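Dear colleague,

I am handing over the structure below, as agreed. Please look through it before reading my notes, which follow directly after it.

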Protein chains: 2
Amino acid sequence: MIKTLEWTEQGVRFIDQTKLPTEEVYLLCKTHQEVADAIRNMVVRGAPAIGVAAAMGIALGARNSKSKELSDFRKEFDVFCETQRVTRPTAVNLFWAIQRMREKFESLTHLPVQQIRDGLVKEAQTMYLEDIAANQAMGKNGAVLMPPSGGVLTHCNAGALATAGYGTALGVIRAAVEAGKKISVYADETRPFLQGSRLTAWELAKDNIPVTVITDNMAGHVMKERKVDCVVVGADRIAANGDTANKIGTYMVAVLAKQHKIPFYVAAPISTIDLSLSSGEQIPIEERDAREVTHVRDQQLAPDGVAVHNFAFDVTPNELIAAIITDRGVARSPYKESLKSFVTGASASASQ
Amino acid sequence: MIKTLEWTEQGVRFIDQTKLPTEEVYLLCKTHQEVADAIRNMVVRGAPAIGVAAAMGIALGARNSKSKELSDFRKEFDVFCETQRVTRPTAVNLFWAIQRMREKFESLTHLPVQQIRDGLVKEAQTMYLEDIAANQAMGKNGAVLMPPSGGVLTHCNAGALATAGYGTALGVIRAAVEAGKKISVYADETRPFLQGSRLTAWELAKDNIPVTVITDNMAGHVMKERKVDCVVVGADRIAANGDTANKIGTYMVAVLAKQHKIPFYVAAPISTIDLSLSSGEQIPIEERDAREVTHVRDQQLAPDGVAVHNFAFDVTPNELIAAIITDRGVARSPYKESLKSFVTGASASASQ
């Protein structure tokens with residue numbers, strides 16, 4: 001089993017995703033600042049994994065704290081939360097996880113500080129386990145939408161490496177394969193960070209699920225050649241109307257899927273849904289360092305000083321999405337109603 | 001001026017496009033085999049440049065030949081042609097150029113062998129000059145289609161480096177800029193060979209034309225953000241019905257342009273039009289070495305042994321193309337009629 005991140009007595013241990021697939025090395029973060037750096041530098045990435053990592057970062061800060069008084073500990077706790085908050089802007093799971101840790105903190109303030117610390121560590125570990133369970137539920141809910149046999153295209157990495165384990169989009173594929181479906185995956189390489197070729201190909205190969213890497217610009221051609229029966233991707237933030245922010249290039253895949261009448265699915269846990277935003281236009285889109293585009297490691301790919309855009313995400317409008325697969329069921333259009341009912345905990349079966 | 005390729009007394013001299021943009025080095029090919037290798041290895045690429053290079057390769061073989069008898073020379077000449085023919089399958093300019101050299105050969109067989117040699121060398125040089133003139137005509141014909149100011153997206157490199165000089169798609173952009181239009185270019189980086197970031201950005205920067213490099217998967221997002229007013233790309237082969245083979249990813253850009261109601265233009269000389277093929281389905285699509293996808297120079301981007309597709313081209317159906325800009329005028333749908341009239345030399349003005 002792939003250990004994307006793990007709480008240990010020494011700190012939070014991450015598989016270093018910047019080094020895959022050529023090196024499988026682990027990074028032990030011993031402070032909350034080191035965890036924040038790991039998120040910012042994409043040692044760990046993927047919305048659900050970022051959420052759990054931030055919770056563990058806060059828990060680590062709490063565990064390392066020497067405060068004896070609640071007022072002192074609260075000031076420190078606010079710093080732990082803020083340090084995680086400013087790492088990345090788009091994935092809402094980060095803010096969801098911080099909010100959940102804040103609520104846990106408030107629920108424990110009647111206890112001695114040491115017990116608050118213990119409670120926060122336990123909460124982060126619970127969130128880790130809940131994320132794996134959510135992915136398994138999502139897999140079960142989504143597997144029925146996968147073809148009995150055929151090609152499934154995915155973009156970026158929405159796998160075990162993007163979560164505490166099992167994956168969102170790749171969780172759906174894993175569950176379909178476990179149910180006996182014969183799935184062959186097309187993995188867009190996903191420039192500039194190459195999560196598809198580096199991470200998705202690596203983790204599917206480990207599970208012996210057939211995978212073919214293509215450059216992002218081949219997606220249209222393989223669809224035109226009828227090699228793709230459906231698309232399934234993850235999400236970094238889903239607005240109340242179903243508009244979905246995900247890795248740059250997802251929107252392009254959705255437009256191509258529409259052109260070829262191929263269903264386009266999003267798989268994400270409830271924690272990715274942000275009902276506070278009415279549409280995707282309000283989702284902040286991170287722009288990252290130009291060097292990610294102009295270089296691959298030390299190899300320069302563009303002239304010195306060239307202008308570059310490096311939008312890390314784009315927004316796919318709800319009308320291009322055939323269904324949103326969640327841990328509480330499969331949401332269909334109109335998403336404003338279906339997503340709201342899932343988030344507020346109404347019976348999932350009613351909307352399936 | 002960029003010297004993409006050049007006939008010299010020593011042989012055919014190419015700027016080595018595999019080394020750009022970090023190194024501007026030149027490769028002197030002293031034999032027809034070395035020219036064929038330069039085409040195969042993409043030291044020179046771009047349909048019009050490949051055509052001129054092949055003609056020069058054949059001319060170089062002829063010039064180096066020691067044959068005194070026509071029958072011996074003809075056997076050698078057939079080898080020179082065949083050596084060029086088997087380099088790359090998609091760009092029809094290659095076969096067009098070989099055919100033109102064959103016709104020149106046949107037209108000279110009444111002369112002494114040395115004069116045939118001289119005639120073949122002269123023909124290749126004529127083709128070089130004609131290609132530049134065609135690009136300038138195309139530029140003039142296409143410039144009027146460019147916006148007075150705004151963003152123009154291009155894919156791959158259809159510039160001076162893809163031709164004897166000036167460029168096809170980039171020739172249109174150059175002519176628009178020369179006519180006073182304020183064009184800002186978005187260059188898709190164009191994986192796997194990165195002709196956009198390595199070559200288009202390099203040559204536009206040399207001409208002080210504003211250029212911003214984006215990853216291929218950002219094209220949808222920048223269109224959605226209304227940064228792009230039109231798209232112009234080159235072509236490797238255009239079927240009689242207007243279906244256009246061009247660098248992998250072109251089809252994707254055309255679908256995105258349709259989604260955003262942005263005009264999508266193709267710019268190509270008459271030599272790129274293949275009336276012998278009724279539709280794009282008949283165009284052979286080259287598949288290249290997986291290593292182009294799994295590696296950038298010595299950097300490994302994917303797990304060992306992973307399956308990869310590396311289609312070098314795709315086909316954009318005619319219905320996605322707003323116009324085909326040629327050196328003889330601007331062809332519009334129905335392309336079957338407009339392209340035929342241009343190729344067979346009917347008045348261009350009638351179809352503009």
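The notes below cover conventions, the interface, the pairing of strands and a few backbone details.

This is a predicted model, in which local features need pLDDT of at least 70 and side-chain atom pairs count only at pLDDT 80 or more, whereas totals for chains, interfaces and linings use all residues. Residues are numbered from 1 along each chain as its sequence is written, chains are lettered from A and ligands numbered from 1 in the order in which they are written, and side-chain values use heavy atoms, with hydrogens and water left out.

To begin with the relation of the two copies, a turn of 180° with a shift of 0.0 Å along the axis lays chain B on chain A with an RMSD of 0.0 Å (a least-squares superposition on the C-alpha atoms of residues with pLDDT of at least 70 in both). That is the relation of a two-fold axis. Of the interface residues of chain B, 100% are also interface residues in chain A, so the copies meet through the same surface.

In that interface, 54 residues of chain B are in contact with 54 residues of chain A, where contact means heavy atoms within 4.5 Å. The area buried between the chains is about 4,500 Å², and carbon and sulfur atoms give 65% of it; buried area is the accessible area (1.4 Å probe) that two parts lose on being put together, summed over both. On the side of chain B, Asn217(B), His221(B) and His309(B) lose the most area to chain A, together 15% of what that side buries.

As for polar interactions, the count between chain B and chain A is 2 salt bridges, a salt bridge being a side-chain nitrogen of Lys or Arg within 4 Å of a carboxyl oxygen of Asp or Glu. In one of them Arg191(B) pairs with Glu189(A), with the closest N and O atoms 2.7 Å apart. The rule for polar contacts finds 28 residue pairs across the interface, both residues at pLDDT 80 or more (a pair of N or O atoms within 3.5 Å; within protein, one must be able to donate a hydrogen and the other to accept it, and residues adjacent in sequence count only if both atoms are side-chain atoms). Helix 9 of chain B gives the largest share of the side that touches chain A, 6 residues; helices (H or I, at least four residues) and strands (E, at least two) are DSSP runs, numbered from the N terminus.

Strands also pair across the interface: strand 14 (residues 307-308) of chain A runs parallel to strand 6 of chain B and is joined to it by 2 bridges, where pairing requires that DSSP finds at least two bridges between two strands. Val308(A) has Val213(B) as its bridge partner there.

Within chain A, 4 strands form an open sheet of mixed pairing in the order 11-8-9-15. Strand 11 (273-274) and strand 15 (313-316) of chain A stand at the edges, each with a single partner strand, so one side of each is left without a neighbour in the sheet.

Lastly, the backbone: most residues other than glycine have a negative phi, and most peptide bonds are trans. A cis peptide bond joins Arg191(B) and Pro192(B), with omega about 0°, and Pro192(B) lies in the loop between strand 5 (182-188) and helix 7 of chain B. Another cis peptide bond joins Leu20(B) and Pro21(B), with omega about 5°. Asn208(A), a residue other than glycine, has a positive phi near 55°.

With best regards
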